[in-house]
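Reader: I should like to learn how to read the features of a protein model. May we go through them one at a time?

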Amino acid sequence: MAVRLFEGREHAAAYLRYRVEPRELITKIMDYLKEKTAKPFNLAVDVGCGSGQGTILLAPYFTQVVGTDVSPAQVEMALANSNPPNVSYRTCPAEELPFAASEVDLLTAMTAAHWFDRRWLLQEADRVLRPGGCLALLSYTMDMELEYRDVSPALNDICKEFYAALLPFRSAYLGSGSVQIYRDMFDSCLYADKEWNECLPVKRPVPLNSYIGMVETFSSYQSLLQKDPAGAQRLSNNIRNKLLSAMGVTSPDTEVVVVVKYFYWLACKL
């Protein structure tokens, strides 16, 4: 059974504003696809597309790119983007994709597949992918790090406090960690041609406030926010103030480098 989250308008807007675009992962995916199958690449489908940050990145490589999401609020936010003319969006469950059999060149889910009905997702991917088409599932671990001058270790100790405070609010659906979910899906995929990639650090310079905003988009923080809005705000403020103090600055717009640790797996339908 799939889990439905990230459906409120405010959450969708925060998702668009703060989530990191996985440009480096798109390069890895396209290198794999080019190695496995011949052009032209007609159709890419980004399942659980959210507000479309990753969907747009596929546009230069395909005749048509379609982002799908079960949340109307997320699709509405994606449509509000400045989208290339070959990008469109549809509202539908990941397990019931509106595409014909053997129609899709690339099916991907970026930081979303752990919320789907995993068995049905793999079956649906196999149905819509053409021979030579590829499946790419990616996500990142919760332990993002910060880099700032010579105080990075102190900052990351504070970040660990943030994550530890959110751990009790983590969805039971995710179990002990999302990496194991993706490993299980990888093992369940029957394609002979597949590869697992453990960690690809993606670094982005962002204002400190954007790092806080990104953590606030996590499902665990949103769960805390629903149960105890004041407590969630206190936690964010406390972590922000500790980070500012360790950095020796007063402005939350001070730029830091956030390090997001992606993992991903790729498979080709023969």
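Reader: Are H6 and H10 roughly parallel or roughly antiparallel to each other?

Author: Some preliminaries come before that. This is a predicted model, in which local features need pLDDT of at least 70 and side-chain atom pairs count only at pLDDT 80 or more, while totals for chains, interfaces and linings use all residues. Residues are numbered from 1 along each chain as its sequence is written, and side-chain values use heavy atoms, with hydrogens and water left out. Helices (H or I, at least four residues) and strands (E, at least two) are DSSP runs, numbered from the N terminus.

Author: As to the angle, axes are lines fitted to C-alpha atoms, for helices over the stretch in contact, and angles run from 0 to 180 degrees between N-to-C directions. Angles under 35 degrees count as roughly parallel, over 145 as roughly antiparallel, 65 to 115 as roughly perpendicular and the rest as oblique. The axes of H6 and helix H10 (residues 229–247) cross at roughly 170° and come within 9 Å. H6 and H10 are therefore roughly antiparallel to each other.

Reader: Which residues in H6 meet residues in H10?

Author: Contact means heavy atoms within 4.5 Å. On the H6 side are Leu 155, Ile 158, Glu 161, Phe 162, Ala 165 and Leu 166, which meet Leu 235, Ser 236, Ile 239, Lys 242, Leu 243, Ala 246 and Met 247 in H10.

Reader: At what angle do the axes of H6 and H8 cross?

Author: Helix H6 (residues 152–166) and helix H8 (residues 208–216) have axes that cross at roughly 20° and come within 12 Å. These two helices, H6 and H8, are therefore roughly parallel to each other. Cys 159, Phe 162, Tyr 163 and Leu 166 of H6 make the contact with Tyr 211, Ile 212 and Val 215 of H8.

Reader: How many residues of H8 are buried?

Author: Buried means under 20% relative accessible area, exposed over 50%, and partly exposed in between (1.4 Å probe, protein chains only). In H8, 7 of the 9 residues are buried, so this helix is largely enclosed by the rest of the structure. Among the buried residues of H8 are Tyr 211, Ile 212 and Val 215, which also take part in the contact with H6. Met 214 is another buried residue of H8, and Val 260 touches Met 214.

Reader: Where is Val 260, and is Val 260 buried or exposed?

Author: Val 260 lies in strand E8 (residues 255–268). With 0% relative accessibility, Val 260 counts as buried. Val 260 and Val 20 are 240 residues apart in sequence, yet 8.1 Å apart in space, C-alpha to C-alpha. Val 260 touches Val 20 as well.

Reader: In which sense do E1 and E2 pair?

Author: Two strands pair if DSSP finds at least two bridges between them. Strand E1 (residues 43–47) and E2 pair in the parallel sense over 5 bridges, and Asp 46 stands opposite Gly 67 in E2. E2 and strand E3 (residues 87–91) also pair in the parallel sense, over 5 bridges, with Val 65 opposite Val 87 in E3. Of the 6 residues of strand E2 (residues 64–69), 5 are buried, so E2 is largely enclosed by the rest of the structure.

Reader: Which peptide bond is cis?

Author: The bond that joins Lys 39 and Pro 40 is a cis peptide bond, with omega about 5°. Pro 40 is found in the loop between helix H2 (23–36) and E1.

Methods
Lists of a residue's contacts leave out its neighbours within four places in sequence.
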